[in-house]
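Me: I should like to learn how the features of a structural model are read, one at a time. Please begin with the general idea in each instance and then turn to the case at hand.

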Amino acid sequence: MKSLVVNREDLKHNIRTIKEIAKDTGRLDNHKNIEIIAVVKGNGYGLGLVPYSKFLIDNGIDFLAVSTLEEALQLREAKIQAKILMLSSTAIEKDVEKLVQNDIILTIGSKEAIETAQKIAEKLNKTVKVHLKIDTGFGRYGFCYNEKEKILEALKNANNIEIEGTFSHFTLAFFENNKFSEIQFKRFIDVIEYLKENKIETGKLHICNSSGFLKFKDKRLNAVRIGSAFLGRLSIPNTYGLKKIGYLKSQVAEIKELKKGYNIGYSNAYTLKKDSKIAIIPVGYADGFNVRDDRDMFRKIDRLRYIVRDVKDAFKDKSLYIDIKNNNGKYEKCKVIGRLGMYHITVDITGKDIAIGSSAKLNVNPIFVDSSIRREYISGE
Ligand SMILES: *Cc1c(COP(=O)(O)O)cnc(C)c1O
């Protein structure tokens with residue numbers, strides 16, 4: 001059996017750390033706390049949408065955010081009553097109706113989305129809570145910052161709409177150069193001021209994701225949207241003491257002794273250099289092991305960077321290691337040999353006191369671990 005293991009104490013530690021950092025509002029008055037909106041999209045960043053959300057709530061988080069209707073409904077079906085913000089704007093009537101019926105706060109990023117929300121609100125005889133989304137240069141959801149008049153126009157007949165917040169999203173908060181984030185922030189504040197001048201209540205303001213929150217104290221505003229920081233898996237250096245959450249747990253399924261020169265795995269890419277003892281672990285790349293972020297940038301300059309990186313990598317020891325518990329109860333680093341299989345890897349355990357059934361720990365980013373794999377929350381080890 002394999003499972004994705006989440007250490008409760010480590011996760012608690014991260015939640016506490018983030019709350020502590022959020023006490024610094026970055027404002028001189030510093031009197032009102034910043035609200036933490038926990039983003040739980042992507043199956044709770046791989047930690048399991050429902051168990052992860054419940055854990056956050058048990059640890060004092062009372063505002064969640066999701067990216068899809070399905071996620072929002074799953075949370076409500078699990079009887080989670082916390083506030084939920086749907087981060088994606090939609091003008092699809094059926095979807096909006098389901099969201100509103102389930103008391104999900106809508107994101108409104110277009111005239112059509114407002115009209116749909118208003119129509120559904122009237123139909124259900126409700127006031128619908130929304131957050132306005134401003135596109136300050138992301139090129140995705142939201143009213144474009146340079147078309148602020150359109151927002152006023154769109155809000156004209158929105159009598160059943162209550163604006164509870166207004167937000168935007170950084171494109172490169174994880175970069176060292178902060179120039180574009182500064183520009184985005186200015187564009188955002190400019191739109192907010194314009195709306196206020198025109199008597200629009202903008203509600204709580206938020207623009208920071210994890211990296212933005214950690215890096216830009218002066219941009220924390222009223223709320224921050226935190227995803228990856230809870231897992232301690234940041235795209236900026238982790239100087240905050242956040243712990244890495246999530247590893248894959250499996251067991252040694254088979255052990256055998258093979259002679260020097262024997263082939264290991266597909267493509268005959270590896271031959272044993274000495275007589276060896278090997279262990280087979282029934283996990284592979286389909287479980288998220290050693291899955292790299294895709295090369296999703298298509299500019300010529302990025303392709304050039306990939307080539308440079310590959311050449312550099314060719315000179316490094318890129319061997320993979322996993323931890324296997326030996327018969328004395330200690331975890332030992334063991335080298336993965338041969339190509340990874342979809343559901344199997346082969347590990348060199350020569351000279352090690354390891355038996356069939358010994359536990360194996362594999363470092364994975366939980367977000368790549370298939371949602372069919374059991375999530376196991378543990379205390380201790
Ligand atoms: C995913 C997401 C976040 C959280 O991002 P992290 O970098 O993981 O903290 C915040 N806001 C929006 C709109 C998102 O889609």
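Me: How many Å separate an oxygen atom of the ligand from an N or O atom in the side chain of asparagine 209?

Reply: One should first note that this is a predicted model. A pair of N or O atoms is read as a polar contact when the two lie within 3.5 Å. Here an oxygen atom of the ligand is 3.4 Å from an N or O atom in the asparagine 209 side chain. Arginine 225 offers a second case, with a side-chain N or O atom 2.8 Å from a nitrogen atom of the ligand. In glycine 227 the atom concerned belongs to the backbone: an N or O atom there lies 2.9 Å from an oxygen atom of the ligand. As for cover, the ligand on its own has 390 Å² of accessible area, and the protein covers 89% of that.

Me: Which residues surround the ligand, and how do the residues of the shell divide into nonpolar, polar and charged?

Reply: A shell is read by listing its members and then sorting them by character. The ligand is surrounded by Val39, Lys41, Tyr45, Leu87, His169, Asn209, Ser210, Arg225, Ile226, Gly227 and Ser228. Of these, four are nonpolar, five are polar and two are charged. Secondary structure gives a further view: helix H2 (41–45) and strand S10 (223–226) each supply at least two residues of the shell.

Me: How should salt bridges be read, and how many does the structure hold?

Reply: Side chains of opposite charge can pair when their charged atoms come close. The structure holds 21 salt bridges. One of them joins lysine 243 to aspartate 10, with the closest N and O atoms 4.0 Å apart. Lysine 243 lies in the loop between S10 and strand S11 (247–251), whereas aspartate 10 is in helix H1 (residues 8–22), so this pair ties together parts that are 233 residues apart in sequence. As to exposure, lysine 243 has a relative accessible area of 35% and is partly exposed.

Me: What separation along helix H6 do lysine 111 and glutamate 115 have?

Reply: For a pair within one helix, the spacing in sequence is read together with the helical turn. Lysine 111 and glutamate 115 are four residues apart in helix H6 (residues 111–124), and therefore about one helical turn separates them. Their side chains meet in a salt bridge, at 3.1 Å from N to O. Lysine 111 is partly exposed at 37% relative accessible area, and glutamate 115 is likewise partly exposed, at 41%.

Me: Is aspartate 348 buried or exposed, and which residue forms a salt bridge with aspartate 348?

Reply: Exposure is read from the relative accessible area, and a residue counts as buried when that value is under 20%. Aspartate 348 is buried because its relative accessible area is 17%. Its salt-bridge partner is lysine 274, the closest N and O atoms being 3.4 Å apart. The two belong to distant parts of the chain, 74 residues apart: aspartate 348 is in strand S16 (residues 345–348), and lysine 274 is in the loop between strand S12 (254–258) and strand S13 (276–281). Lysine 274 is partly exposed, at 41%.

Me: Which residues are linked in a network of salt bridges?

Reply: Salt bridges may also be read as a group instead of as separate pairs. Glu35, Lys83, Glu164 and Lys204 are linked in such a network.

Me: Which residues make the nonpolar surface patch?

Reply: A patch is read from its members and its area. Ile301, Leu304, Ile307, Val311 and Phe315 make a nonpolar surface patch of about 550 Å². Among them, valine 311 is placed in helix H10 (residues 300–314) and counts as partly exposed, with 46% relative accessibility.

Me: What value does phi of asparagine 125 take, and where is this residue found?

Reply: For a backbone angle, both the sign and the residue type are read. Phi of asparagine 125 is near 55 degrees, a positive value in a residue other than glycine. Asparagine 125 is found in the loop between H6 and strand S6 (128–135), and at 69% relative accessibility it counts as exposed. Serine 267 also has a positive phi, near 65 degrees, and is placed in the loop between S12 and S13. The side chain of serine 267 makes a polar contact with that of arginine 339, at 2.5 Å.

Terms used: Residues are numbered from 1 along each chain as its sequence is written. This is a predicted model: local features need pLDDT of at least 70, side-chain atom pairs count only at pLDDT 80 or more; totals for chains, interfaces and linings use all residues. Side-chain values use heavy atoms; hydrogens and water are left out. A residue is near a molecule or strand if one of its heavy atoms lies within 4 Å of it. A polar contact is a pair of N or O atoms within 3.5 Å; within protein, one must be able to donate a hydrogen and the other to accept it, and residues adjacent in sequence count only if both atoms are side-chain atoms. Accessible areas come from the Shrake-Rupley method with a 1.4 Å probe; for residues, only the protein chains shown count as cover. Ala, Val, Leu, Ile, Met, Phe, Trp, Tyr, Cys and Pro count as nonpolar, Asp, Glu, Lys and Arg as charged, and the others, Gly among them, as polar. Patches are made of residues with over 30% relative accessible area and no salt bridge: like charges are joined within 9 Å, nonpolar side chains (Val, Leu, Ile, Met, Phe, Trp, Tyr) within 5 Å. Buried means under 20% relative accessible area, exposed over 50%, partly exposed in between (1.4 Å probe, protein chains only).
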